[in-house]
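Here's a walk through a two-chain model, one chain at a time and then the contact between them. Keep the structure open while you read.

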Amino acid sequence: MSAGHAHPLHRPGTSPVHRLAPQVKIVAAGFGVLCVVATPRERFWAFGLYLAVLGCVWTIARIPPGWLARRVVIEAPFVLLALVFPFVAGGPTTTVLGVALSEHGLLSGWNILAKGTLGVLVSLTLSATTAPGELIVGLQRLRVPTMVVTIATLMLRYLDVIAAEARRMRIARICRGHDPRFLWQVGATARGIGTLFIRSYERGERVHLAMVSRGWAGAMPDQGHSAGRSAWLTGLAPTALAVVVLGVSL
Amino acid sequence: MTPPALLVERLAYAYPDGHQALFGVNLRVEHGERVAVLGPNGAGKTTLVLHLNGVLTGQGNVEVAGLPVEKATLKEVRRRVGIVFQDPDDQLFMPTVREDVSFGPANFGLRGTDLAARVKRALDDVGMADHADRSPMHLSGGQRRRVALATVLACDPDILVLDEPSANLEPRARRELAEVLLGLDRTTLMVTHDLPYALQLCPRSVVIDDGVIVADGPTRELLADADLLARHRLELPFGFRLD
């Protein structure tokens, strides 16, 4: 098991953004996304400014654009949806390259594309600079209900547990001649999922037992310090800029 | 009079499905003793271990250095009784060795420099201080076992309980772990099938079978009793004779 190693969405580092207390980053990201969502879709310049603010954060955190670009593709289904809108929405139309497109649809598509992309980028910035365990601690410090934090903690752990278990089972199947590329062998994979569930459940139980034996009582130990005023001021500075942009755009 | 390190009296336990795993276990372990718990698969060894820190609660009485194991004392009991589970992968779940070793003592309230010092000492004790910032995932089986031991030592337990510590270890890792354990000087209860390991590490052994303790004595004497071993499905490895 040994979960939680080298998470694909985390980029370890020592930049000022990385060092910021996780609760500050969570609040900053949350309010940042709210600003983006509340911005009227016609204020194109505002979205550009949001991106510029994020760009500054990436520079300080030393997150290369390529790293973000590879991960932002998770948004692809929404991009496809945004591209469909101009063709299917009603109302007045405008002609682009000889094709009649709905003005309302274009704006709706833009709205989804701009806000969705910025939302994903904010989330990626948060995850890149904050280790999964720190995010949990941050939620705890923000007084998020213990049950929610516990569920998040266990999910974080179990995901890796299940992935490792699935990998071992797959290797064992392949060693016995299983070739998952062939459609008629999908049955073995499907049956494996049931077994995987049971095994993961059992291992999860044992991990839980080992945690309880070391004094775990439902909350991860918070070994950090609460964030001081300067940490909050620094951390919320980009969000304050976003609030100003929102105020002007409204 | 100082109470024993561990006192188990008339301990009985049935699993929720009705299977009776323990039928009245009595065990007394003095401070500083190293005791091996031997027995075949399904004898009730792990069930007994899980009663020592209150993960399971059956009928009867369990006391750790005079402190009864009950709901109100669970936190202190779990600090006093450190269990190292059979599979280190069940025990290690944090991104780095250091974080995993600090998980237990942090749960028991240690912070800052005290916590860092405790973690360092535990890692030093098992010879893993150089690996503190590595991922447990990237360690060898023997190293993981030693880190799992450190995660428990960091809680500064009065009693160390080891569940099959030599399982899946190569001979060298097995020997290195034995050297670490012999250097610890703590009350130790070691559940094992590895009879030579029990002989090497524990002057006293108890044999548990069908939920009761059927033999209790010096390890060498018990392991030399071929009839006793045969009755309880225990066997020395090929080529070993102690009688």
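## Chain A

Chain A has ten helices and two strands. Bear in mind throughout that this is a predicted model. Going along the sequence, the order of elements in chain A is α-α-α-α-α-β-β-α-α-α-α-α, which puts the two strands between two runs of five helices.

How does the overall spread of chain A sit against the globule rule? For 250 residues the rule gives 18 Å, and the radius of gyration of chain A is 23 Å, well over that, so chain A is more spread out than a compact globule. Its C-alpha trace covers about 60 × 55 × 30 Å along the principal axes.

Now for the strand pair. Strand β1(A), residues 93-96, and strand β2(A), residues 99-102, run antiparallel and are joined by four bridges. Together they make a hairpin with two residues between the strands. One residue in that turn, L97(A), has a positive phi of about 50°. Right at the turn end of the ladder, V96(A) sits opposite V99(A) of β2(A).

The helices have a pairing worth a look too. Helix α3(A) covers residues 44-61 and helix α10(A) covers residues 229-249; their axes come within 10 Å and cross at roughly 175°. Anything over 145 degrees counts as roughly antiparallel, and α3(A) and α10(A) are therefore roughly antiparallel to each other. On the α3(A) side, the residues in the contact are A46(A), L49(A), Y50(A), V53(A) and V57(A). Facing them from α10(A) are P238(A), L241(A), A242(A), V245(A) and S249(A). By residue class, that contact comes out as nine nonpolar, one polar and no charged. As for the spacing of such residues, an α-helix has 3.6 residues a turn, so residues three or four places apart point the same way.

## Chain B

Chain B has ten helices and ten strands. What does the globule rule say here? A compact globule of 243 residues would have a radius of gyration near 18 Å, and chain B, at 18 Å, agrees with that.

Here are the overall values for the two chains.

| Property | Chain A | Chain B |
|---|---|---|
| Span of the C-alpha trace along the principal axes | about 60 × 55 × 30 Å | about 50 × 45 × 40 Å |
| Buried residues | 28% of 250 residues | 47% of 243 residues |
| Contacts with a separation of 6 or more that join residues 24 or more positions apart | 80% | 65% |

Chain B holds an open sheet of four strands in the order β2-β1-β4-β5, with antiparallel pairing. Its edges are β2(B), residues 20-29, and β5(B), residues 67-68, each of which pairs on one side only. Inside the sheet, β1(B) (residues 6-14) and β4(B) (residues 59-64) run antiparallel and are joined by five bridges. One of the residue pairings there is V8(B) with V62(B), its bridge partner in β4(B).

Next, follow helix α4(B). Is α4(B) mostly covered or mostly open? It is mostly covered: eleven of its eleven residues are buried. Among these buried residues are the charged side chains' owners R98(B), E99(B) and D100(B), along with V97(B), V101(B) and F103(B). The cover over α4(B) includes α5(B), residues 112-125, and α6(B), residues 141-153. Just past the end of α4(B), G109(B) takes a positive phi of about 100°.

Farther along, R231(B) lies in helix α10(B), residues 226-231. R231(B) counts as partly exposed because it has 13 C-beta neighbours inside 10 Å. Its C-alpha atom is separated by 19 Å from that of V191(B), which is 40 residues away along the chain.

## Where the chains meet

Between the chains, 27 residues of chain B are in contact with 20 residues of chain A. On the chain B side, three helices each supply at least two residues: α2(B) (74-80), α3(B) (88-91) and α4(B) (97-107). Which helix gives the largest share of that side? It is α4(B), with five residues, the helix whose eleven residues are buried. In terms of class, the chain B side that touches chain A divides into 14 nonpolar, seven polar and six charged residues.

Key
Residues are numbered from 1 along each chain as its sequence is written. Chains are lettered from A and ligands numbered from 1 in the order in which they are written. This is a predicted model: local features need pLDDT of at least 70, side-chain atom pairs count only at pLDDT 80 or more; totals for chains, interfaces and linings use all residues. Two strands pair if DSSP finds at least two bridges between them. Axes are lines fitted to C-alpha atoms, for helices over the stretch in contact, and angles run from 0 to 180 degrees between N-to-C directions. Angles under 35 degrees count as roughly parallel, over 145 as roughly antiparallel, 65 to 115 as roughly perpendicular and the rest as oblique. Two residues are in contact if their C-beta atoms, placed from the backbone, lie within 7 Å. The radius of gyration is taken over C-alpha atoms; the globule rule is 2.2 Å times the number of residues to the power 0.38. A residue is buried if 20 or more other C-beta atoms lie within 10 Å of its own, exposed if 12 or fewer, and partly exposed in between; C-beta atoms are placed from the backbone.
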